[in-house]
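Me: Please take a close look at the spaces in this structure and at what lines or surrounds them. I would like volumes, distances and burial values in one connected account, with a few individual residues placed in their elements along the way.

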Amino acid sequence: MIIQKIVLVLSVIYASGNQAVIDPYLAGPHEVKDYFLMSKDTGLTEVELNAWSPLSPGIYPILYFLDGLAMNIPGIAYTDFLSHIASHGFLVVTPFVTATTSKPSEKVPYFRAILEWAEVNLQDLLHENGVPADVLFDFETLFANSHSAGGHAIVSYLQETCGNFKGLILMSPVDGADPFGFVDDFCITPGEQLNFITPTLHLYTGYDAKKGLLGTACAPKKLSNERFWEALNPESHRWSINATEFGHADVLDAEFRVFVDQTEFCGVNRDLQAEDYPIYRNFSSGTVVAFLQTLLVEDYAGYLNYLEDVSVMPIVATERHFTPAGERPSPYCLWTPPLQ
Ligand SMILES: *[C@@H]1O[C@H](CO)[C@@H](O)[C@H](O)[C@H]1NC(C)=O
Ligand SMILES: *[C@@H]1O[C@H](CO)[C@@H](O)[C@H](O)[C@H]1NC(C)=O
């Protein structure tokens, strides 16, 4: 009750900012172009990246996306999802590393190198490649979005430092390095809390833990979702949304998802129709946009609604959230040294 009242009072105050809420499930107001930089462009061995940039004049926050095989696949597999987010006013960057290591935690040094490199070089390089000179990026306001084993990589990074990250999105996060947990490479110890406090969106699917044809799930129960959700620091604002009818790979662009479906590498819901997937992708990108805008815009209550009211969501979903101390959500990250 108290929390609700504070949110109400705040929303009245911030409403004076008078920013209209833009439906996050629809394309945003910005035209977007995509860019591909190879390792010869970045000068970083084994590192390539895809970027989606708004083209209208402005200064944009940056969303780093760590993909489903712990940064092993090109960002183009998620083009619909990522370009939709960019159209709402974010530079989206998907670095990928073709290195052969299968341990997600071993991607962290690459990621650190990319972040350092990007801070110095990325804006200039995008300008040279056609992004207008009055489009600028805010390297102090970074957000991290992950899918699957990318969640392991980003949590491992944040355990060492928040860097300039100020919010975290975990889509069906998976710990470990193999579906059985044989290889010793974990970011989470069940029962222990993570050593960083940051607003977090956890998005996951009802079929994550369903086994595929190989007899393993892409997000085995023991290694994913609840394992991360329960480890989040209780001081963190956090939202968790279960897209109960969808599967682990359904956020991918159609041609990549169809490949996963045909091989049944991940468990899938055979009752879904072709027209359900674009709605689901827009729901996923729209929910990420609503989360980011909740942290960023003054009049945030309209965006918060898209995280907490399942009746406005275009798919079937269940939701839970925690709003510590009744404070308004804001972009920040607080790090403490890990317990040894
Ligand atoms: C999904 O969003 C895209 C823009 O990203 C838009 O072109 C498309 O019409 C939307 N599709 C649905 C089914 O809402
Ligand atoms: C998410 O939804 C699926 C399908 O309804 C359900 O089996 C699963 O238990 C849900 N997950 C949680 C953590 O509630």
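Reply: Phe139 belongs to strand S5, which covers residues 135-147, in what is a predicted model. Phe139 counts as buried because its relative accessibility is 14%, and the cut-off for buried is under 20%. Along the chain, Phe139 and Gly89 are 50 residues apart, and their C-alpha atoms are separated by 14 Å.

A second residue to place is Glu255, which is part of helix H7. Its relative accessibility is 56%, so Glu255 counts as exposed, the cut-off here being over 50%. From Glu255 to His202 there are 53 residues in sequence, and the C-alpha to C-alpha distance is 25 Å.

Helix H7 leads to the open space. The largest pocket holds about 790 Å³. It is lined by 38 residues, and those closest to its centre are Gly68, Leu69, Ser148, Cys218 and Phe265. Which element gives the largest share of that lining? Helix H7, residues 254-263, does so with 4 residues. By class, the pocket lining divides into 24 nonpolar, 10 polar and 4 charged residues.

After helix H7 comes a residue with a backbone detail. Glu264 lies in the loop between H7 and H8. Although Glu264 is not a glycine, its phi is positive, at about 45°. Glu264 is classed as buried because its relative accessibility is 16%.

Now the closed space. Rolling a probe the size of a water molecule over the atoms shows where empty space is left. How many cavities of 30 Å³ or more does the structure hold? It holds 1. The largest cavity has a volume of about 80 Å³. Among its 13 lining residues, Met171, Ser172, Leu203, Thr205 and Tyr280 are the closest to the centre. Two or more lining residues come from each of strand S8 (200-205) and helix H8 (276-296). The lining of the largest cavity consists of 7 nonpolar and 6 polar residues, with no charged ones.

Strand S8 also contains His202. Is His202 buried or exposed? With a relative accessible area of 1%, His202 is buried. Its side chain takes part in two contacts that can be listed together:

- With the side chain of Asn225, His202 makes a polar contact of 2.9 Å.
- With the side chain of Ser240, His202 makes a polar contact of 2.9 Å.

Of these partners, Asn225 can be followed further. It is placed in the loop between S8 and helix H6, the helix covering residues 226-231. Asn225 is not a glycine, yet it has a positive phi of about 35°. A relative accessibility of 7% is why Asn225 counts as buried.

That leaves the ligands. The residues around ligand 1 are Ala27, His84, Ile279 and Asn282. Two of the side chains bring a polar atom to an oxygen of the ligand: for His84 the distance is 2.8 Å, and for Asn282 the distance is 2.4 Å. On its own, ligand 1 exposes 370 Å², of which the protein buries 47%. The shell around ligand 1 has 2 nonpolar and 2 polar residues and no charged residue.

Ligand 2 has Tyr204, Gly206, Glu226, Asn242 and Thr244 around it. For Asn242, a side-chain N or O atom lies 2.3 Å from an oxygen atom of ligand 2. Taken alone, ligand 2 has 360 Å² of accessible area, and the protein covers 45% of that. By class, the shell around ligand 2 has 1 nonpolar, 3 polar and 1 charged residue.

To put the spaces together: the largest pocket has about 790 Å³, while the largest cavity has about 80 Å³. Charged residues number 4 in the pocket lining, whereas the cavity lining has none.

How values were computed: Residues numbered from 1 in each chain as written. Chains lettered and ligands numbered in written order. Predicted model: local features only at pLDDT ≥ 70, side-chain atom pairs only at ≥ 80, totals over all residues. Heavy atoms only, no water. 1 Å grid on protein atoms, 1.4 Å probe; cavity = no way out; pocket = protein on both sides within 12 Å on 5 of 7 lines; lining within 4 Å. Points joined across faces, edges and corners; volume = space filled by probe spheres on them. Nonpolar A, V, L, I, M, F, W, Y, C, P; charged D, E, K, R; others polar. Near = heavy atom within 4 Å. Polar contact = N/O pair within 3.5 Å; in protein donor to acceptor, adjacent residues only side chain to side chain. Areas by Shrake-Rupley, 256 points an atom, 1.4 Å probe, with all protein chains shown as cover. Buried < 20%, exposed > 50% of the residue type's maximum accessible area, 1.4 Å probe, protein only.
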